[in-house]
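Colleague: I am new to this structure. Please take me through one part of it, the annotated sites and their surroundings, in close detail.

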Amino acid sequence: MKIAPSILSADFSKLGEEVREVEAAGADLIHVDVMDGHFVPNITIGPLIVEALRPVTQLPLDVHLMIENPDQYIEAFAKAGADYITVHVEASRHLHRSIQLIKSFGVKAGVVLNPHTPVESIQHVLEDVDMVLLMTVNPGFGGQKFINSVVPKIRQLSESIKEKGLSVEIEIDGGINEETIVPCVEAGATIFVAGSAIYNQDNRAVALQGIRSAGEQ
Ligand code: DX5
Ligand code: ZN
C-alpha cells in the first residue's frame with residue numbers, strides 16, 4: 001500500500017519543508033493538485049511549483065490535473081519533473097491521445113474518474129495506463145466527505161484489471177482517513193491520497209502512520 005499526501009492542505013508559505021516532513025514520515029508519493037478554475041471551481045498551482053519541488057524530494061511527484069485542455073499543459077508538467085501525470089476522463093476529448101502524450105515524455109500515465117463517471121468509460125484504455133485514480137469526492141477542495149458509493153467502483157475496476165492480467169495501480173483521492181481507507185483497501189485500491197487527514201494534524205508522522213496501519217489491518 002502506498003500513501004500519497006496531498007500538498008493541497010499544506011502550508012504554502014513553506015512548501016519545501018512541508019514536503020520534506022511527510023517524506024521523513026514515510027510517504028510514498030507526493031500528490032500535487034493542479035486546478036484551473038474551469039474544470040473545477042478552484043485555482044491552485046502550475047508547473048513552476050512542480051519544478052520548485054523537484055529538487056526538494058526523492059519521492060515521485062504525482063500530478064493530478066484538474067484542468068480543461070490537459071494536452072496543452074502535459075509537456076510543461078513533464079519537463080517540470082512530474083513522475084505521474086493523471087488526466088480526467090471528463091476533461092480529455094481524446095483520452096488515448098492524452099495518455100500517449102504523457103508517455104512520450106517518459107512519465108507514467110493515469111486517468112481519473114469523477115465519482116459519477118462509470119468504470120466502463122476507461123475499459124478501452126486500461127491496458128495503456130499505469131494508474132487509474134478514482135475520486136471519492138467531487139474534485140476542487142480538500143477536507144470534503146468521502147463518498148461511499150464509489151467503493152463498488154473500486155471493486156469493479158480491480159476485478160477488471162485482474163481479469164485482463166494487467167498491473168495498473170488503483171489510486172483513491174478524497175476524504176481518506178483511518179476509517180474510510182479500510183473499505184477501499186478491501187475493494188482493491190493500492191495508492192491512497194490524503195490531504196487534510198495528514199496536513200491538518202499537529203503530528204503529520206503519527207497521522208500518516210495511523211492511516212497506513214488502519215489500511216494494513
Ligand atoms: C480534491 C483533490 C484531493 C484533495 C484531497 O479535489 O484532488 O487530492 O487534496 O484532500 P482530502 O484528503 O482532504 O480530501
Ligand atoms: Zn488530487
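Modeller: One term first. Two residues are in contact if their C-beta atoms, placed from the backbone, lie within 7 Å. Keep in mind that this is a predicted model.

Start with the whole chain. Its secondary structure comes to 8 helices and 8 strands. The C-alpha trace spans about 45 × 40 × 30 Å along its principal axes. For 217 residues, a compact globule would have a radius of gyration near 17 Å; the chain has 16 Å, so the two agree. Buried residues make up 43% of the chain. Take the contacts with a separation of 6 or more: 64% of them join residues 24 or more positions apart.

Now the sites. The UniProt record, an unreviewed entry, places "active site" at Asp33 and Asp173. These two are spread over 141 residues of sequence, yet they cluster in space, with a largest C-alpha distance of 10.5 Å. The UniProt entry, again unreviewed, also lists His31, Asp33, His64 and Asp173 under "binding site". That set is spread over 143 residues of sequence, and its largest C-alpha distance is 10.5 Å.

Take these four residues one by one. I leave out neighbours up to four places away in sequence whenever I list contacts.

His31 sits in strand S2. Is His31 buried or exposed? It is buried, because 26 other C-beta atoms lie within 10 Å, and 20 or more make a residue buried. His31 is in contact with Ala4, Pro5, Ser6, Ile7, Asp62, His64 and Val193.

Asp33 is in strand S2 as well. Asp33 counts as buried, because it has 24 C-beta neighbours inside 10 Å. Ser6, Leu8, Thr44, His64 and Met66 touch Asp33.

His64 belongs to strand S3. His64 has 28 C-beta neighbours inside 10 Å, so it counts as buried. What does His64 touch? The list holds His31, Val32, Asp33, Val34, Thr86, Val112, Leu133 and Asp173. His64 thus touches His31, Asp33 and Asp173, each of them listed with it in the record.

Asp173 is in strand S7, residues 169–173. Asp173 is buried, because 24 other C-beta atoms lie within 10 Å. The contacts of Asp173 are His64, Leu133, Met135, Thr136 and Val193.

A second "binding site" annotation, also from the unreviewed UniProt entry, covers Ser6, His64, Gly140, Phe141, Gly142, Gly143, Asp173, Gly174, Gly175, Gly195 and Ser196. Look at two of its glycines. Gly195 lies in the loop between strand S8 (191–194) and helix H7 (196–199). Gly195 is buried, because 24 other C-beta atoms lie within 10 Å. Gly195 touches Ser6, Leu8, Ser9 and Gly142. Gly143 is found in the loop between strand S6 (131–135) and helix H5 (151–163). Gly143 is partly exposed, because 14 other C-beta atoms lie within 10 Å.

Next, the ligand. How many residues surround ligand 1? There are 22, and the closest are Ser6, Leu8, Pro139, Gly195 and Ser196. The elements that give two or more residues to this shell are strand S2 (30–35), S8 and H7. By type, the shell divides into 8 nonpolar, 12 polar and 2 charged residues. Ser6, Gly195 and Ser196 are among the closest, and these three are also in the second "binding site" annotation.

One more stop follows strand S3. Asn69 lies in the loop between S3 (61–66) and helix H3 (71–80). Phi of Asn69 is near 45°, a positive value in a residue other than glycine. Most residues other than glycine have a negative phi. Asn69 is partly exposed, because 15 other C-beta atoms lie within 10 Å.

Last, helix H4, which packs against H3. The buried residues of H4 (residues 95–104) are Leu95, Ser98, Ile99, Leu101 and Ile102. These buried residues lie on the same side of H4, because they cover an arc of only 160° around the axis. They pack against H3, strand S4 (84–88) and strand S5 (108–113). The face turned away carries the exposed residues His96, Arg97 and Ser104. Gly106 follows H4, with a positive phi near 75°.

Methods. Residues numbered from 1 in each chain as written. Chains lettered and ligands numbered in written order. Predicted model: local features only at pLDDT ≥ 70, side-chain atom pairs only at ≥ 80, totals over all residues. UniProt positions renumbered as here; feature names shortened; annotations may be inferred. Helix = DSSP H or I, 4+ residues; strand = E, 2+ residues; numbered from the N terminus. Buried ≥ 20, exposed ≤ 12 C-beta atoms within 10 Å, placed from the backbone. Near = placed C-beta within 6 Å. Nonpolar A, V, L, I, M, F, W, Y, C, P; charged D, E, K, R; others polar. Arc of directions from axis to C-beta. Rg over C-alpha atoms; globule rule 2.2 N^0.38 Å.
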